[in-house]
Amino acid sequence: MKNINRSNYYRKEITIFVEKKKKGMIDQATIDRIMAATDIVEVVSDFVSLRKRGANYWGLCPFHDDKTPSFSVSQSKGVCKCFSCGKGGSAIHFIMEHEQLSYYEALKYLAKKYNIEIHEKELTDEEKQKRSDRESMFIINAFAQNFFSKSLLETEEGRTVGLAYFRERGFNEDIIRKFGLGYSPEKRDALAQEANKQGYKTDYLLKTGLCREGQNNLIYDLFAGRVMFPVYSVSGKVVAFGGRILKSGVKISKYFNSPESDIYHKSNELYGIFQAKRAIEKEKCCYLVEGYTDVLSMHQSGIENVVASSGTALTPGQIRLIHRFTENITVLYDGDAPGIKASLRGIDLILQEGLNIKVVLLPDGEDPDSFSKSQSAESFTQYIKSHETDFIRFKTQLLLEDAGEDPIKRAGIISNIVQSISLIPDTIVRSVYVQECSRLLQIDEHVLLFELNKMRQQRAEQQSTRDRYQSPQSQTVRPSVIQDSFGNNISVNQVSDAEVATPAPSEIPETDKNIPLPTPLSSKRGNRSPLDKYERELIRYVVRYGYRDLFETATGTWQKVWEYIVEELAIDNIVFNNPLYKHILELASQQREHVVQQVSSLRQELLPKAQDQINEIIEQIRLENGDITDKQRKEAEARENITRQMEEELQTFESNFLERYFTTYPDTQISLLAVDLVSDKYQLSKVHTKYQKVETESDRLWELIPRAIYELKNAILEQTIKQIQKKIKEATQNKDNEKIIELMEQNVELNQLRTTLAKQIGDRIISPK
């Protein structure tokens, strides 16, 4: 049933959209299968850790710096919505926004996820040219990863040099394939030549940093002679590479990483996050290590909830990436690592993001790579649990060892630790750490609190200064370029503050440039007309309840919500000012025949199933003991119950048709507005409905919708009266008595009408029923 509902209702509009965009590369039957299989909770869960709360699922929004779950996912409606930044949409639009894909590519992404074979035509040269730079860079990285993998496993040089190194490090073939490890041949242009042979453009080899241009315009491979570690995004795309040189005595860096590019920003990526995200969510904890081989060895030992910062200092972007899946981080340090103190800044960043942090020091001479190889998953986990300590105890003990009995150094340590505690956003957690710090350092708790509050006050003042500096009203020159939430460079002079997180038009795939940008709705409200809130309320009723029965007519038929609204507006020739609302109303009207066809089609599918259920129950009844009259009564009740359930299902399908239709509409501007209109931030607690029936909005539509129409008409009257009064003032200044009399008569007539409307709005509206 669920698949039937999802696979059919949008068929017509998707077809029109695909033809309009000249993307007829996926046949309609395949599109239907993709949408039927898609579960938005499964899709979003690939990127965000979700928890069931009431009817919906909640998690941290992946589109902004979210510290408390504000991202809601409705499985029944098939939509998601962040009640903080406003981002949301259907599963397709979530993938488009998160992965920066076109509509067509988002469909391909979902098809791959649900193992649905794509039937598409060969791209023309013109269509290939229109592929976006970002997409092309992902494609060239995927090609390179495959090339490096084949070079490692299928060439003599790769097996002799690269595979021998990995085996010497103790990595088996399963781990090599799981992480896509490879080898870049010693020949300086091996990758460049193969890419050229396969038809890939040199420009993208240079943009991704896979190759460099040398003298005489010669192209050479950046990673020649290195074993390769692909870096995957959270969705599994190759965004960069790390390469390790195997020659000794060479005066170049042992490890070399891809340079920053349009698709790779090292401050936002973690090595192993794609392979670890499910385990992190399951174990409710993330182990944080330093290098590639630490991650590989721990995975091979059976510990998969581990990621690496790849030797770079931990960044807020990386911490937020972990926070999507868990609130608990355990940092694993080498037992004799000299850089532990320098890495303490990372602990402060984790605290500032509101996560729980533990620290584990491994035995002397051991790192996660070597130690995990000598342990089973169980013994390794047990060691961590028995040796992990909270950051305050770890930092205090570490710093006190250096301070000794020097009072000046001890004072500096106290200040340093209080500085870390002051970063914690949760008041209760801060209080507990202050008590612990007071006990460990043997210093009065009130002294620590005074120092902590002073630091927080200073930070608040500094933040206030920064806010004023960045304020639109400030005359201070702001940076000309900033980065959006996906790391793309955006010129500040080209966008408003409210639209900073929206990709610039140049970054939209060429094939999708006619699709309106999914600008957050909140950014547009400043330019809305005075009538917008009234029009918006009526459109909300159309989207949410459009094909629900509202009033019974004199002929015994039922008038739908959208029909009543259209007819009432037509009486006074009212047309919505907002073109988007107007278009939605037109689309709702156009679906009349489509709804009838869909309901009829669904009825034909349900009837045989209902009859099978009836036959099965009747057969069971006839096998029971009892008199014939009792059995006949039970059979009649069974028929009646199953028939009623089928009719209720058909009615629900019809009532919710427009909600499903608009929330999955291909035009992003319409679908995002629809999601915003149907999303409920709050839900009634079960306590309210346990002992009494609570009247919902849908129970009162017969009253609320007429009232909303009257309120729109009243707002139009008030606006018209203001305009007439302004004209009266102008006519008075011009001493045009004839015009004044004419306008005064109109003013009186409109005020009388407004009085009548005001009475209608004030009185309880009685249903024609």
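In the predicted model, strand β6 and strand β9 (residues 226–232) are joined by two bridges in the antiparallel sense. At Tyr183, the bridge partner on the β9 side is Val227. This pairing belongs to an open sheet of four strands, ordered β6-β9-β10-β11, in which the pairing is antiparallel. The edges of the sheet are occupied by β6 (182–183) and β11 (255–257); each has a single partner strand, so one side of each is left without a neighbour in the sheet.

The protein chain as a whole comprises 769 residues, of which 48% are buried. Its secondary structure consists of 32 helices and 20 strands. Among contacts with a separation of 6 or more, 67% are between residues 24 or more positions apart. The exposed surface of the chain amounts to about 39600 Å², and carbon and sulfur atoms supply 49% of that area.

A search of the whole structure for aromatic pairs returns 27. One of these is formed by Phe223 and Phe256, whose ring centres are 6.3 Å apart and whose planes are at 75 degrees, an edge-to-face arrangement. The two residues come from distant parts of the chain, 33 residues apart: Phe223 is located in the loop between β8 (219–221) and β9, and Phe256 in strand β11. Phe223 is buried, at 1% relative accessible area, whereas Phe256 has a relative accessibility of 29% and counts as partly exposed. The pair thus involves the edge strand β11.

Aromatic residues are also grouped in a cluster made up of Tyr165, Phe166, Phe171, Phe179, Phe229, Tyr255, Tyr271 and Tyr292. Of its members, Phe229 falls within the residue range of β9, and Tyr255 within that of β11.

Lysine side chains are placed over aromatic rings at two sites described here. The charged end of Lys113 sits over the ring of Tyr114, at 5.6 Å from the ring centre. Lys237 lies over the face of Phe138, with a distance of 4.5 Å to the centre of the ring. Phe138 falls within the residue range of helix α8 (133–154).

No disulfides are present; the count in the structure is zero. For Cys61, the closest cysteine sulfur is that of Cys82, at 3.6 Å, which is too far for a bond because a disulfide requires sulfur atoms within 2.5 Å. Cys61 is buried, with 4% relative accessible area. The sulfur of Cys285 has its closest cysteine sulfur in Cys286, at 6.9 Å, and this separation is likewise too far for a bond. Cys285 also counts as buried, at 14% relative accessibility.

Helix α11 (residues 190–197) contributes Ala190, Leu191, Ala192 and Ala195 as buried residues. The packing partners of the buried residues in α11 are two helices, α8 (133–154) and α12 (202–207), together with the strands β7 (211–213) and β8. Strand β8 (219–221) also borders the loop that holds Phe223. Just after α11, Gly199 adopts a positive phi of about 90 degrees.

Definitions and conventions. Residues are numbered from 1 along each chain as its sequence is written. This is a predicted model: local features need pLDDT of at least 70, side-chain atom pairs count only at pLDDT 80 or more; totals for chains, interfaces and linings use all residues. Side-chain values use heavy atoms; hydrogens and water are left out. Buried means under 20% relative accessible area, exposed over 50%, partly exposed in between (1.4 Å probe, protein chains only). Contact means heavy atoms within 4.5 Å. Accessible areas come from the Shrake-Rupley method with a 1.4 Å probe; for residues, only the protein chains shown count as cover. Two strands pair if DSSP finds at least two bridges between them. Rings of Phe, Tyr and Trp (its six-membered ring) pair if their centres lie within 6.5 Å; planes under 30 degrees apart count as stacked, over 60 as edge-to-face and the rest as tilted. A charge sits over a ring if NZ of Lys or CZ of Arg is within 6 Å of the ring centre and within 35 degrees of the ring normal.
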